Amino acid sequence: MPDENAFVRTTISESAKVMPAQLTSAMEIRSMNAYYGSFRAVKEVDLTIYDHYITALIGSSGCGKSTLLRALNRMNDLVPGARVEGDVHFHGTNIYADDVDPVEVRRRIGMVFQKPNPFPKSIYDNVAWGARVNGYRGNMAELVEGALRQAALWDEVKDKLDQSGYSLSGGQQQRLCIARTIAVKPEIILMDEPTSALDPVATLRIEELIQELKERYTIVIVTHNMQQAARASDFTAFLNMDEDRAGRVVEFGRTADIFTKPEHEETENYITGRFG
Amino acid sequence: MTAGEFPEGPQLDAQINRRRRRGAYLRISFLASLIVAILALLTLLFNIVNSAFGLVALESEVAPAALVEALGLDTTSSALVDLSKDDLVAVLRTNVNNNVGRRLERDQRFYDDRLVFETQTKWDELCGRAVDRPAGCSTGARGRDDVYALVIEQIVQPKVRETWLLFDSIFHRAGIEERAAALYPSADLVFRSWLSVDFVTSPQSPQAEVAGVRTAILGSLWIVGVTILFSFPVGVGAAVYLEEYARDTRLNRLVQTNINNLAGVPSIIYGMLGLAIFVRVLEAFTSGAAFGGVEGSVTANGRTVVSAGLTLGLLILPIIIINAQEAIRAVPQSLRSAGMALGASQWQTIRAHVLPNAIPGILTGAILAVARALGETAPLVVVGASTFITADPTGPFSKFTALPIQIFQWTSRPQDEFRNIAAAAIIVLLVLLLMLNATAIVLRNRYARRV
């Protein structure tokens with residue numbers, strides 16, 4: 001439906017008009033389509049990720065939120081048969097250009113996964129490994145401490161850095177994964193439902209942490225949890241599935257706007273729980 | 001819920017009882033299967049142990065007591081075993097002809113300071129030679145036990161007239177004694193363990209009494225060493241490629257199917273492959289000629305340790321690949337994603353996360369495969385195991401024999417004694433296999449603990 005896509009684009013530009021002038025974009029996604037084999041999972045996405053803000057991607061299951069997120073640091077390359085068309089600009093470079101190495105993209109755009117997945121190594125090595133393989137030449141102990149402090153985990157683990165990452169609780173493991181991501185000094189952190197496997201208390205801690213991380217990093221977070229998107233993000237993109245089962249960005253704007261005066265009925269239905 | 005759709009009351013009880021009974025029958029039949037397996041194993045073990053130990057009727061050419069008597073010692077009570085080295089040398093001197101004595105002395109001297117059979121002038125001349133210098137010129141003197149062994153071997157010459165199984169030796173001893181007394185009046189009836197330190201440390205011999213498995217053990221270890229060196233890196237490498245790098249193309253699926261099928265190919269086919277390729281086509285390399293490391297007289301024309309090892313390596317390669325693939329596949333995808341998301345290259349991720357987590361499984365599979373290689377006979381027969389060698393293998397280009405080959409040869413001999421030493425060799429092979437499996441468990445536990 002070309003009309004609707006055109007409309008989405010206008011929506012973005014209209015939202016952009018009301019943004020403060022100092023907003024700079026970290027990533028610009030233009031006419032992006034993502035495929036698994038012949039199946040188009042995400043179609044015609046146009047989206048801007050603003051620097052040092054938190055962007056939430058919301059939408060029902062299977063609407064392509066995670067696919068979109070994983071397309072932003074080329075993690076989709078690892079899925080057999082997956083491919084992405086269109087442009088994803090990061091600092092003016094298309095990360096899908098031929099001369100761009102996905103390894104470098106992933107160092108600068110880190111990712112935190114749905115289920116905490118620490119390495120079966122010590123807490124210290126969990127944090128240090130990423131920096132080590134990327135050729136970090138500075139003081140490793142300082143880097144590890146700094147990353148763990150930023151991830152609000154230092155006080156809990158400083159006396160047992162040599163213990164296995166698996167000895168931590170679920171919430172601590174997820175913060176360890178965040179620390180590990182921070183340690184390679186990315187500019188953008190992508191989070192794929194980072195709290196869906198955690199209890200409410202651990203969830204709250206991660207949300208607080210995300211707010212603190214906003215000072216230093218640009219964050220894109222996929223969430224199923226409407227309250228989380230409303231509480232924790234500055235911008236929200238609502239994705240929905242079309243008749244052909246391909247996901248599409250229905251509406252994008254400031255979170256406050258999306259949740260109080262959505263322009264689309266689809267969006268309103270979803271956020272008020274009248275979906276489907 | 002409508003009444004009557006499910007059984008109720010007495011009907012329900014009857015139905016549950018029926019279900020339970022069926023489960024009980026199955027449980028009993030599972031237990032029966034287990035018992036059959038255990039019984040089979042016990043029968044096997046009983047058979048082996050039964051043959052490896054038992055009574056033997058030993059008949060000597062010369063009675064040891066007569067030898068001691070002939071010395072005319074003061075103490076009449078001493079037996080041959082208790083004699084001193086000097087007395088034993090004296091026994092040799094009087095009972096062995098000079099030619100044999102000189103040969104023994106040239107192999108190794110009896111005393112450092114004097115000669116027994118050889119004259120000093122002749123000895124000096126022999127040792128002055130540049131070629132064919134006797135070994136005795138440069139080695140130290142024989143010990144007392146060595147001389148005793150010579151006396152037994154050269155003079156007493158005990159011969160096994162008949163052997164009995166362990167079971168009969170214990171439960172029908174009276175009958176055996178009667179029979180031995182009737183048939184071999186001068187023979188001693190002694191209990192013999194065919195499995196002994198001597199058996200493990202002696203080389204092959206045409207006489208069952210003194211034959212041992214040292215040559216075969218060393219051969220087996222050399223072969224398995226070559227097998228591991230070849231098939232472990234190649235197998236794990238192939239598995240890593242197939243699991244981590246290969247795309248799902250028709251060609252790769254074909255390769256995968258072939259590997260799975262190769263694991264089921266009869267081992268003798270691999271033997272023929274080894275004969276054709278390693279022994280014939282690559283003879284220059286497998287005989288060591290290409291590396292210039294072989295003396296002309298001992299060349300084995302490619303029928304060497306390295307040919308056998310590579311053949312067995314090919315045989316177990318598919319097994320190693322399949323096991324390693326399964327171990328690699330079992331590493332959670334989330335670890336790979338985590339590694340890649342940190343900006344690690346694919347190899348860095350494999351090296352740091354996939355392989356360490358897969359290594360216990362890879363090792364278990366590899367060692368089970370190697371255990372199979374250790375027990376293989378057919379391919380080695382085809383590749384050309386030597387039927388009779390007494391020289392230990394000294395390197396990858398030596399002729400070889402292996403434990404299963406040795407066992408196979410001994411069991412096909414008509415004499416009873418060879419059946420006994422075959423049983424003893426089977427025990428040695430089983431112990432070797434158990435040691436290998438124990439290593440596997442230790443290695444696996446060590447690596448598993450690290451994560």
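**Exercise 1. Find which residues Cys127(B) touches, leaving out residues up to four places away in sequence, and place Cys127(B) in its helix.**

Solution. Start with the contacts: Cys127(B) touches Arg133(B) and Cys137(B), once residues up to four places away in sequence are skipped. Contact here means heavy atoms within 4.5 Å. Next, the helix: Cys127(B) sits in α5 (residues 120-128) of chain B. Helices (H or I, at least four residues) and strands (E, at least two) are DSSP runs, numbered from the N terminus.

A word on the model: it is predicted, so local features need pLDDT of at least 70 and side-chain atom pairs count only at pLDDT 80 or more, while totals for chains, interfaces and linings use all residues. Residues are numbered from 1 along each chain as its sequence is written, chains are lettered from A and ligands numbered from 1 in the order in which they are written, and side-chain values use heavy atoms, with hydrogens and water left out.

**Exercise 2. Work out the strand order of the open sheet in chain B, and say why β2 and β3 each have a side without a neighbour.**

Solution. Step one: the three strands come in the order β2-β1-β3 (chain B), paired antiparallel. Two strands pair if DSSP finds at least two bridges between them. Step two: β2 (159-163) and β3 (188-193) of chain B are at the edges with a single partner strand each, so one side of each has no neighbour in the sheet. Step three: β1 (residues 53-59) of chain B is joined to β3(B) by six bridges. In one of the pairings, Phe53(B) has Ser193(B) of β3(B) as its bridge partner. Last step, the helix on top: α1 (residues 9-52) of chain B packs on the sheet, touches β1 and β3 of chain B, and makes about 20° with the direction of β1(B). Axes are lines fitted to C-alpha atoms, for helices over the stretch in contact, and angles run from 0 to 180 degrees between N-to-C directions.

**Exercise 3. Describe how chain B meets chain A.**

Solution. Count first: 17 residues of chain B contact 21 residues of chain A. Then the area: the two chains bury about 1,600 Å² between them, 68% of it on carbon and sulfur atoms. Buried area is the accessible area (1.4 Å probe) that two parts lose on being put together, summed over both. Now the main contributors: Met340(B), Ala341(B) and Leu342(B) supply 36% of what chain B buries against chain A, more than any other three residues. Finally, salt bridges (a side-chain nitrogen of Lys or Arg within 4 Å of a carboxyl oxygen of Asp or Glu): the rule finds zero across this interface.
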